[in-house]
Amino acid sequence: MAEEIRKSICWGCWMQCGALAHVDQGRVVKLSGDPEFYTKGFFCDRGARFAEHLYHSDRLNYPLKRKGKRGEARWQQISWDQALEEIAAKLAELKGQYGAETLATTCGTGRGHQETFKERFMHLFGSPNHANAGQFCRIETREIDYAIYGADIVAMKPKVAESNGCIVIWGHNPKESVPVEYHEYRKVKKKGNIKFIVIDPKRTEVVDEFADLWLPIRPATDAALALGWLHIIINEELYDKEFVETWCYGFEQLKKRVQEYPPERVAEITWVPREKIVESARMFAGARPYTNIPWGVKTDMQGRNVTSVIQAIAILRAITGSINVSGGSPLSGPCLKANGGPDFNHIDMLSPEQRAKQLGMDRHKFWTFPGYDLISQAMRPYWNGKMCSSYMPGCHVPDVWRAILDEDPYPIKALIVGGNNPLMSFANTPQVYRALKSSNLELLAVVEQWLTPSAVLADYVLPAANWLEMPLLHFGTYTGAQDFVAAAEQVVPPLFERRPDYSFWQELGVRLGQEKYWQKTLEKEWEWCMKPLLDELNMESFGEFVQKQRFWFPPFEERYHEKNDPETGRPKGFGTSTGKIEFYSTVLDKLGYDPLPHYQEPLETPVSQPELSQEYPLILITGSRFRPFHHSEHRQLPSARKLYPDPTLEIHPETARKMGIEEGAWTIIETTWGKIKQRARFSTRIDPRMVDIQHSWWFPEEIPDDPILYRAFESNANMLTTDREDYCDPPTGAMRLSPYLCKVYPAKKYH
Ligand SMILES: Nc1nc2c(c(=O)[nH]1)N[C@H]1C(S)=C(S)[C@@H](COP(=O)(O)OP(=O)(O)OC[C@H]3O[C@@H](n4cnc5c(=O)[nH]c(N)nc54)[C@H](O)[C@@H]3O)O[C@H]1N2
Ligand SMILES: Nc1nc2c(c(=O)[nH]1)N[C@H]1C(S)=C(S)[C@@H](COP(=O)(O)OP(=O)(O)OC[C@H]3O[C@@H](n4cnc5c(=O)[nH]c(N)nc54)[C@H](O)[C@@H]3O)O[C@H]1N2
Ligand code: SF4
Ligand SMILES: [Mo]
């Protein structure tokens, strides 16, 4: 039989490029980009490896139940029915004894589609405690954008190339992290009409290739830099006066605040020379209204100033009048053609009593229900009742471990981990380990594709399908986050007894009395979700959409906020309580936080703790992305491990020489929180005052049994981080994953 091509959407990362699966006798033999999809044929080296991923002999194929003690890595293969029956019975028992809030779940970057189904299950079960990485990655940005604009920034901006704009690549390295975006920039750069500013302590390849200006910033001082730009733009009157007067709220207060950030002071804080700060602010504002600041994660995970950085960046887009300008910064509301968000995850079914029990709500009000409620009160009426209610409101991640270990403020007795490797991903690995191992925890179930170090500690492990094994709907649709729809049919049926995450949550839900709220199959869920669009397109089914269309975007409406609302006869404005873009955030104000952005020197820096920096003289950056790996994934793929057999520390040769470290040698990295080892990789891209370590390293070729856990503690960046309250950002609770103070020295060698 000849090779057949089936169309899918890659889920190697959340960019979800159009994929062509080459299938020979039922077997996927190759993956390539789909020229007819909106990603125009692009495909990267990570995506291409998913055929290897699909058939890898280490993939989990059957449900497992632990034999012996937690962590002994002895398993009994059981049926899905047995696993689900036992888990459901245990959950019912614990709910009766401790209340529904005793169940918590965790999620990482949102692999697969499981988070929204998990949320639906949790809301119907009655627990507000789903913890997720969105608290320090992208979702808190989305939520702050919601508070300020009443909408979110559109991820891809295809029109940018046609403008004479300015793109600021801020704490972001798309070459390694979002290859499809990098590919777009290369095309844009060739045209020669766009200016690029890169804000990164490292001289990355993106700096060499694109930067008209590079600002080598001291890590975690981004809020000061953004405020410094605002100082220059406001005082030199480079902003869009008409836009600000008509559409923005709180300009005078902002103007007053930014006076605290003159360029001299900002230069001192950020280590970026004054002239460069001034020149870059002018370059940026000079490109108005075609200013672009795509999202990068390093602003989101610096702890204390996170809300302020994101806020200040959001204001920079608005003050230059780029909002809803094609080639500038278009906004997206929730998907209006889908039953997404609250319609999908039933957040409104969670009772007021149960909401009030959400972990972390007393301290991190923005990330939890109080923040969500204020935002949704303003946004829902504006967006025809639609809203995004996914990932946020979440509970505060570190509180889950405390509630397990100290049973404070109440016991968490059951934890379900889905699409997440918490031992690798969250700050303070030793604390996560203690919690997962705790005898207080009566149930730990992990839904996974591989037996990870976190999964080894589970009572039950359930085998999850990958994206080639299930029908797909773009996550922005059912979370309600972005206004577009993309869908694909499964390429091959799930192998062995793997199932899409959906099946786990649906079957558990049905066993616990939720049958009314679940469709019978994943495809039916997607069909129901996109029903409003199907009706409009006069289509019958999910299958018909996939055959005939595959994706849908609403037409772009230039400056839609100026259009008259047919009901009121007045311009639509924005989905905030003032109807304007809020430089002065009424949401933060009502929650009791500073409504304006500010900069506060974080703990543990050479400036805030000079004595400590005598002993720990280097600034430690963690987690810069490197292809083709994705966090702790793909260590099992030989073709990927060939490129990075071991974890590496990026260090300037001069620093290495001072510390007696040789190229390629195992090196100890120590913070006040812990120590690990990685191999030294010399590079002049890194500032001699800093080092950068790779994150999420474990070794699937090693011994699984606890306490070895595939050597999960030896090279893991989060052995060096803390989740202590005073390191977290107050409104969002965002943890500090980077930077820290560290010292490095050679590991001993006896041969
Ligand atoms: N120190 C430090 N720590 C960091 C970061 C950093 O820069 N520095 N980055 C942080 C960021 S931004 C994030 S988002 C987190 C990411 O944190 P995680 O998302 O927890 O990252 P992974 O460790 O890759 O875990 C994802 C797990 O999901 C599994 N998986 C993949 N697809 C599916 C699926 O469809 N279904 C199921 N059930 N499982 C699946 C994978 O096998 C993998 O084990 O890490 C954070 N941790
Ligand atoms: N290959 C690969 N791709 C991925 C992932 C992966 O694990 N591997 N993970 C995915 C996920 S969940 C995410 S969140 C994205 C993140 O991907 P990106 O947004 O690209 O983030 P990073 O690669 O962590 O860091 C980008 C740059 O920020 C710089 N930086 C470090 N500290 C600071 C600072 O304090 N301020 C500033 N301005 N810059 C700083 C680093 O030097 C680095 O060059 O990648 C996604 N794509
Ligand atoms: S950028 Fe690469 S991994 Fe991400 S969706 Fe596209 S092809 Fe897949
Ligand atoms: Mo992330």
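**Figure 1. Polar contacts of ligand 2 in the predicted model.** A backbone N or O atom of Ala220 lies 2.8 Å from an oxygen atom of ligand 2. Lys298 places a polar side-chain atom 2.7 Å from an oxygen atom of ligand 2. For His631, the atom concerned is a polar backbone atom, 2.5 Å from an oxygen atom of the ligand. Around ligand 2 there are 33 residues, and those that come nearest are Ser177, Asp200, Asp222, Lys298 and His631. Lys298 is thus listed among the nearest residues and also supplies a side-chain contact to a ligand oxygen.

**Figure 2. Surroundings of ligand 1.** Of the 33 residues around ligand 1, the nearest are Asn420, Ser425, Glu448, Asp501 and Ser632. The side chain of Asn420 has an N or O atom 2.7 Å from an oxygen atom of the ligand. Two contacts involve ligand nitrogen: an N or O atom in the side chain of Thr622 is 2.9 Å from a nitrogen atom of ligand 1, and one in the side chain of Asn718 is 3.0 Å from a nitrogen atom of ligand 1.

**Figure 3. Residue shell of ligand 3.** Cysteines in this shell are Cys10, Cys13, Cys17 and Cys44. The shell also contains Gly12, Gln16, Phe43, Arg46, Gly47 and Pro179. By class, six of the residues around ligand 3 are nonpolar, three are polar and one is charged.

**Figure 4. Packing of helix H3 against helix H22.** Helix H3 spans residues 114-125 and helix H22 residues 501-511; their axes are 9 Å apart and form an angle of about 10°. H3 and H22 are therefore roughly parallel to each other. From H3, the contact involves Gln114, Phe117, Lys118 and Phe121, and from H22, Asp501, Tyr502, Trp505, Leu508 and Gly509. The residues of this contact divide into five nonpolar, two polar and two charged. Asp501 of H22, part of the helix contact, is also listed among the residues nearest to ligand 1.

**Figure 5. Packing of helix H4 against helix H13.** The axes of H4 (residues 139-149) and H13 (residues 306-319) are 10 Å apart, at an angle of about 50°. That angle makes H4 oblique to H13. The crossing of the two helices is right-handed. H4 contributes Glu140, Thr141, Ile144, Asp145, Ile148 and Tyr149 to the contact, and H13 contributes Val306, Thr307, Ile310, Gln311, Ala314, Arg317 and Ala318. By class, the contact of H4 with H13 has seven nonpolar, three polar and three charged residues.

**Figure 6. Cis peptide bonds before Pro289 and Pro409.** Most peptide bonds are trans. The bond from Arg288 to Pro289 is cis, with omega near 5°. Pro289 is placed in the loop between helix H12 (274-286) and strand S13 (291-292). The bond from Asp408 to Pro409 is also cis, with omega near 5°. Pro409 lies in the loop between helix H17 (397-405) and strand S15 (414-418).

**Figure 7. Backbone conformation at Glu237.** Most residues other than glycine have a negative phi. Glu237 is not a glycine, yet its phi is positive, at about 55°. The residue is found in the loop between helix H8 (222-235) and helix H9 (241-247).

Note on methods. Residues numbered from 1 in each chain as written. Chains lettered and ligands numbered in written order. Predicted model: local features only at pLDDT ≥ 70, side-chain atom pairs only at ≥ 80, totals over all residues. Heavy atoms only, no water. Axes fitted to C-alpha atoms, helices over the stretch in contact; angles between N-to-C directions. Helix = DSSP H or I, 4+ residues; strand = E, 2+ residues; numbered from the N terminus. Parallel < 35°, antiparallel > 145°, perpendicular 65-115°, else oblique. Left-handed = near helix turned anticlockwise from the far one by under 90°. Contact = heavy atoms within 4.5 Å. Nonpolar A, V, L, I, M, F, W, Y, C, P; charged D, E, K, R; others polar. Near = heavy atom within 4 Å. Polar contact = N/O pair within 3.5 Å; in protein donor to acceptor, adjacent residues only side chain to side chain.
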